[in-house]
Amino acid sequence: MSLLQTAYKNSLVLVVAASLLGSCKPDTPVAPTPTPDPPTTNPTPPQYGTPFTGVPNREDAVMYQVNMRAFSQSGNFAGVTARLDSIRDLGVNVLYLMPIYPIGTDSKSVNSPYAVKDYRSVNSEFGSLTDLRALVDGAHQRNMAVMLDWVANHTSWDNPWITQHPDWYQKNAAGAIMPVSNNGTTYNDVAQLNFGNAAMRMEMISALKSWVYTANVDGFRFDYADFQPNDFWKQASDTLRNIKTHKLLLLAEGTRAANFTSGFDYNFGFNFYGGIYQVYRNGVAATTFDALNASEYTGATGTQQVVRYITNHDVNGSDGTPVALFGGKAGAMSAFVITALYKGVPMIYNGQEAGMSQAIPFPFTSVKVAWGQNPDVKRAYKQLLAARAASAALRIGTPTAYSTASVCAFTKTAGSEQAFVLVNVRNSAQTYTVPTTLANTTWTNALQGGSVAVGTQVSLPAYGYLILKK
């Protein structure tokens with residue numbers, strides 16, 4: 001389980017008011033004595049396949065998180081490969097696979113995919129390297145890039161590094177390797193790596209780089225990324241960017257502004273999810289989202305983005321599904337419209353588009369995604385993402401806020417294109433007073449087509465939304 005998400009979701013009220021980074025600092029351990037281990041000598045593997053030329057620009061990505069254990073009845077790579085057409089048809093162009101590596105089976109194990117036993121191998125639970133390659137090849141054939149989840153912060157206790165290189169781990173005053181500890185919470189199933197050790201960093205980056213060649217992947221999502229030094233991430237991203245044959249997408253599961261200067265394409269929208277939670281669950285004003293568009297982008301330059309979501313593998317299991325959290329199917333869709341269109345890159349967690357009301361709890365072995373139960377939800381997702389893809393304003397336009405307490409409203413402008421989005425965040429009909437600058441204007445309905453005249457007021461049904469463009 002992602003440790004950073006755990007830290008953030010326990011402070012949802014603070015998320016709306018300010019960044020959580022001040023309250024989520026890793027404990028300071030006793031640093032081990034630096035060692036003279038030589039840099040890794042692992043050769044670069046031969047390139048499997050042909051580097052994918054269809055990787056989207058980072059601002060044009062629509063991500064889809066795959067939890068192999070829950071995605072299919074078989075719980076493996078083949079189960080994902082069999083449904084690639086369905087994922088593509090949503091309007092997705094980037095698959096993000098949760099960790100695919102062997103995990104710890106020692107006495108401290110809790111069966112977590114985030115307790116890596118071997119960074120260079122495939123977990124046989126999911127299949128073979130050949131099966132992984134077939135998944136990646138199939139995604140590429142459907143014009144989708146593939147990102148792997150990378151767990152840099154810690155390993156399982158039966159990872160060979162524990163005995164071969166104990167100096168690669170942080171140790172306490174007694175000389176014992178430490179478990180991961182964050183703000184008073186200890187995670188005993190994983191051992192904390194020492195990022196002051198140059199040899200460990202070199203081997204970590206070598207293993208990371210190897211997957212670009214071995215499986216022909218197109219990027220990485222980096223777990224718990226706020227808790228490693230920024231100079232490590234700069235070292236890692238520089239190495240990856242130097243693979244000139246590949247266009248790679250790099251996502252930090254973190255919120256530090258310095259992540260952008262370290263070379264990441266994306267930070268993770270923890271705070272935006274907190275805003276969604278507060279607005280839909282606790283009645284906080286919809287104007288909450290306006291400020292988050294500024295705060296979450298601190299440090300971003302050019303086309304660097306924040307990945308935004310209404311659920312993922314962590315909060316789905318702990319908080320519940322969007323349908324359960326945000327007022328049924330209509331409320332969940334309303335929340336996703338804001339997430340997908342206001343600013344940033346949207347991410348869908350497997351099963352979200354099926355309108356699941358049953359959560360998928362850690363360690364993700366007890367519940368399978370129930371496909372096909374709510375075709376109306378999938379149709380709404382396809383319609384929304386198709387409209388987003390067809391409009392530069394909806395996709396990458398500069399937003400201007402016009403929200404009220406109960407309606408999230410904004411325009412987006414890209415060149416000569418303009419969009420106007422109104423989303424009712426309440427489970428009751430709302431009347432929105434149109435700002436003078438937008439009143440008495442004519443638009444095109446971005447979802448259904450046809451002309452729409454906007455007067456001085458717009459009526460929205462419970463959790464209703466209107467997406468306009470011109």
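The dialogue below explains how to read several features of this predicted model.

Colleague: Let us begin with the strands. How do the side chains of a strand arrange themselves, and which residues of strand β18 point to which face?

Modeller: In a regular strand the side chains alternate between the two faces of the sheet. Strand β18 covers residues 457-460, and Val 458 and Leu 460 point to one face, where they are buried. Gln 457 and Ser 459 point to the other face and are not buried.

Colleague: Which strand is joined to β18, and in what direction do the two run?

Modeller: Strand β15 (residues 430-433) is joined to β18 by four bridges, and the two run antiparallel. Within this pairing, Gln 430 has Leu 460 of β18 as its bridge partner.

Colleague: Are the faces of strand β11 covered or uncovered?

Modeller: Both faces of β11 are covered. On one side stand Val 345, Met 347 and Tyr 349, on the other Pro 346 and Ile 348, and all are buried. Because five of the five residues of this strand (residues 345-349) are buried, β11 is largely enclosed by the rest of the structure.

Colleague: Which strands pair with β11?

Modeller: Strand β1 (residues 63-66) runs parallel to β11 and is joined to it by three bridges. In this pairing Tyr 64 stands opposite Ile 348. Strand β10 (residues 305-308) also pairs with β11 in the parallel sense, over two bridges. There, Arg 308 has Pro 346 as its bridge partner.

Colleague: Let us turn to helices. How should one read helix α15, and how many of its residues are buried?

Modeller: An α-helix has 3.6 residues a turn, so residues three or four places apart point the same way. Helix α15 (residues 328-341) has 14 residues and spans 20 Å from its first C-alpha to its last, close to the 20 Å expected at 1.5 Å a residue. The helix is mostly covered, with 11 of its 14 residues buried. Among the buried residues are Met 333, Phe 336, Val 337, Ile 338 and Leu 341.

Colleague: How many salt bridges does the structure hold, and what does the one between Glu 125 and Arg 69 tie together?

Modeller: The structure holds 17 salt bridges. In the one between Glu 125 and Arg 69, the closest N and O atoms are 2.8 Å apart. Glu 125 lies in the loop between β2 (94-97) and α6 (129-141), and Arg 69 lies in helix α3 (residues 68-71), so the pair ties together parts that are 56 residues apart in sequence. Glu 125 is partly exposed at 36% relative accessibility, whereas Arg 69 is buried at 4%.

Colleague: Are Asp 223 and Arg 221 buried or exposed?

Modeller: The side chains of Asp 223 and Arg 221 meet in a salt bridge of 3.0 Å, N to O. Asp 223 is buried at 0% relative accessibility, and Arg 221 is buried at 0% as well. Elsewhere, salt bridges that share partners join Asp 85, Arg 88, Asp 89 and Arg 142 into one network. Within it, the side chains of Arg 88 and Asp 89 meet at 3.1 Å, N to O. Arg 88 is partly exposed at 33% relative accessibility, and Asp 89 is partly exposed at 37%.

Colleague: How is enclosed empty space found, and which residues line the largest cavity?

Modeller: Rolling a probe the size of a water molecule over the atoms shows where empty space is left. The count comes to one cavity of 30 Å³ or more, and the largest cavity holds about 40 Å³ of space. Its lining consists of Asn 67, Met 68, Arg 69, Met 98, Pro 99, Pro 113 and Phe 126. These residues divide into five nonpolar, one polar and one charged.

Colleague: Finally, what should one look for in the backbone, and which peptide bond is cis?

Modeller: Most residues other than glycine have a negative phi, and most peptide bonds are trans. Here the peptide bond from Phe 362 to Pro 363 is cis, with omega near 5°. Pro 363 lies in the loop between β11 and α16 (375-390).

Colleague: Where does Asn 183 lie, and where is Tyr 463 found?

Modeller: Asn 183 lies in the loop between β5 (179-182) and β6 (185-192). Although not a glycine, Asn 183 has a positive phi of about 55°, and at 49% relative accessibility Asn 183 is partly exposed. Tyr 463 is found in the loop between β18 and β19 (465-469). Tyr 463 has a positive phi of about 55° and is buried at 8% relative accessibility.

Methods: Residues numbered from 1 in each chain as written. Predicted model: local features only at pLDDT ≥ 70, side-chain atom pairs only at ≥ 80, totals over all residues. Heavy atoms only, no water. 1 Å grid on protein atoms, 1.4 Å probe; cavity = no way out; pocket = protein on both sides within 12 Å on 5 of 7 lines; lining within 4 Å. Points joined across faces, edges and corners; volume = space filled by probe spheres on them. Nonpolar A, V, L, I, M, F, W, Y, C, P; charged D, E, K, R; others polar. Expected span 1.5 Å × (residues − 1). Buried < 20%, exposed > 50% of the residue type's maximum accessible area, 1.4 Å probe, protein only. Pairing = 2+ DSSP bridges. Salt bridge = Lys/Arg side-chain N within 4 Å of Asp/Glu carboxyl O.
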